[in-house]
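Here is a walk through one protein model and its ligand. Keep the sequence and the structure side by side while reading.

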Amino acid sequence: MNRVRLLVFNPVLNVLDYRVPDGMATPLGALVVAPLGPRQVLGIVWEPDQLEGEAVADSRLRPLLEVLPVPPIPAPLRRLIEWTADYYCAPLNAVARMMLGPMAALRGGGTATEYRLTGVEPARLTPQRAAALDALQGEQASIRELAELASVSDGVLRGMVSAGMLEAVTVDLDRPYPRANPKHAAPDLSDEQAAAADTFVAAVRDGGFQPFLLDGVTGSGKTECYFEAVAEALNTGKQVLVLLPEIALTENFLRRFEARFGVPPVLWHSGLKQSERRRAWRAIVAGQAQVVVGARSALFLPYARLGLIVVDEAHEVSFKQDDGVRYNARDVAVIRARFEGIPVILASATPALESLQLAESGVYRKIDLPSRFGGAELPDIQIVDLRSEAPERGHWLSPRLVRELKLRLERGEQSLLFLNRRGYAPLTLCRHCGYRFQCPNCTAWLVEHRLSRRLACHHCGHEVPVPDACPECHTPDCLVACGPGVERIADEVAEIMPDARVAIVTSDTLNTPEKIGEFVAAAEEKLIDVIVGTQLVTKGYHFPELTLVGVVDADLGLEGGDLRAAERTYQQVAQVAGRAGRGEKPGEVLIQTRHPEATVIAALAAGDRDAFYAAEAEARRDAGAPPFGRWAAIIVSSEDEAEARDAARAIGGTRPNLPDVMILGPAPAPLSLLRGRYRYRLLINARRSAQLQDVIRQWLGGLKFPPGVRVGVDIDPYSFV
Ligand SMILES: Nc1ncnc2c1ncn2[C@@H]1O[C@H](COP(=O)(O)OP(=O)(O)OP(=O)(O)O)[C@@H](O)[C@H]1O
Ligand SMILES: [Zn+2]
């Protein structure tokens, strides 16, 4: 009898065996539907010896129901899924789920129904219909998605369909994407760029696993260089995956891609409409999608003919996923390239110490672009010691920074002020009784957002309107904002330069592709004088008229328990500094700090990257920290505080005693309450020789917890809160 072993998508069961009905073809990797009790379950045909399962007698096997009409998951991707599950101590089917598209896409292409405005506008409108009419100009999507866009109920939109204001459109989900043209607008590369590009092109042409670290200063044209490798993949009919750290950057990338290749790339991220998602997934598995640009979730998709992976801004911590499967897309991208036998390019102006170390030890091949394109110079960097050059009371911009800002405004040049804090003020308190606004679900202060007149938790999204009186002592008009966020800095700019056109750039203000597009266009057309932004504007953007960058508080990132705080501060400040002087005019950077003597600040001031990395490497070596030693975290949480504490203690009490593994904790997490769950942490610091994952699996495998307790393992953690 013909039997198969399946990896199934079920929270409790992972592996099940089935009988294959006569005449059904079930190659390895096939996606199938199988009966499970009275229900059905989705599964993937897997190598039986790779999946541990209970041996079931032939006679007890139930037959598979159907094979889904999509190509089987290729072997290299199956191996990647196994590797990822094993390395990150995650369930195999949770990892495998990341390669699946929407269920509807697995069932076949076909069509979807979407709706759009017809142009019919009755003379009298309900307020909801008027709002929808406004919000839905130029949009086309399902009723559900349109309702979300317009913030009205589905019912309102259904009514508009009946009234002839919205019409149904049938969308063909298998309509092909337009073909990119590798010769559309090929640039003239500098000698330095051409050398780098030739290396990448040869690697794509020859195939085979080759990891590159493209280490080029800000504005050196890293994108142009790897675009040549993309062009080579297009010439040879291979697919390319470009990973970007944030959706916000895709808009900018898209414009550049289209300018170079004549058509936009295929996008993949959480913001896609259902129909776009279905279409993209099907084009990816069919090999029709030539270049896919996405956030980390694009990494596990079943590309039919992958020929190159690029990870841009590869140092970014947002490549690390911190919920569900806790994996690092930068690292897994390299592993995927290895299984696929293809080149991978990690591009950055400020590589992670881990990546530099791998380059130094010869695992990655390092390609350098040491100078800016077109003769632009790197900006001049100055330190403002806030202890001797203090801003006025209740202000945050030092006199020197204010002078430079005014000078730029006079000259018609642009400035950028960087502060990595959204909203108006990070803490609000009552002047009368000292009451502080805190999130009920998290160990966190509520952040005032003056633009939306709300107090918001940046961890769980909890929001309340700003009250008129203190909720504790009921004194009216007694609330004080403590500390600055970008909105407050923007107010300060407006106060000192009333004529300046100021743009606030954060994930609150630039939350759709349209808004990002408008911002970029406005900045390029010089309709903005001062940009005040969070880390969102520190990378990827190229505004030639921008000549001044002010770092409002360089010490901010050094606070808190982040074990990579110095490196992250270095990267952020170097990246934002890199936005200055990219055109013909030279750039200047002012870094405000209270700790000019700190190694990272001194290195930034001296423009001495090597000195910073050397000192940081030394410190990490001493601490046994990555890349010299290894870390892992165990995070225990429950809605019940005692339950969480007991579970953490039970884990602590059974800790293994090994010479090459040190275990710290359990201790309450810095964010000891998050989204209503009480949290405890353990930190494991291991020598490279230790079999870290095996140790953790054995340790936790023997323990049982109440159903309300979650125990998460974070291998190579980036977050310590
Ligand atoms: N060979 C070239 N021909 C024409 N323009 C180029 C060339 N190389 C780079 N440029 C332009 O120079 C600017 C900087 O290049 P790019 O944005 O690729 O740099 P980068 O290395 O990615 O910088 P960052 O790390 O700061 O984002 C871009 O506007 C780009 O189009
Ligand atoms: Zn909260």
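The domain assignment splits the protein chain into domain 1 (3-74), domain 2 (111-172), domain 3 (191-374), domain 4 (376-421 + 484-617) and domain 5 (629-715). Domain 4 is listed in two segments, 376-421 and 484-617. The model is predicted. Take the C-alpha centres of domain 1 and domain 2: they lie 42 Å apart.

Next, the cores. The largest nonpolar core holds 179 residues. Within this core, L6, F200 and I591 have the most contacts. Helix α8, spanning residues 222-235, is the top contributor to this core, giving eight residues. There is also a second core of 11 residues, separate from the largest one. Among its members are A132, A141, L157 and M165.

Now zoom in on L6. Leave out residues up to four places away in sequence. L6 then touches L16, Y18, V32 and A34, and also G43, I44, V45 and W46.

Turn to the ligand. Which residues come nearest to ligand 1? They are P187, T218, G221, K222 and T223, out of 19 residues around ligand 1. By class, the shell has 11 polar residues, four nonpolar and four charged. Both domain 3 (191-374) and domain 4 (376-421 + 484-617) supply at least three residues each to the shell around ligand 1.

Helix α8 returns here. With three residues, α8 gives the most to the shell around ligand 1. So the helix has two roles to trace on screen: α8 gives the most to the largest nonpolar core, and α8 also gives the most to the ligand 1 shell.

Methods: Residues numbered from 1 in each chain as written. Chains lettered and ligands numbered in written order. Predicted model: local features only at pLDDT ≥ 70, side-chain atom pairs only at ≥ 80, totals over all residues. Core = buried A, V, L, I, M, F, W, Y, C linked by C-beta atoms within 7 Å. Buried ≥ 20, exposed ≤ 12 C-beta atoms within 10 Å, placed from the backbone. Helix = DSSP H or I, 4+ residues; strand = E, 2+ residues; numbered from the N terminus. Contact = placed C-beta atoms within 7 Å. Domains from an automatic or database assignment. Near = placed C-beta within 6 Å. Nonpolar A, V, L, I, M, F, W, Y, C, P; charged D, E, K, R; others polar.
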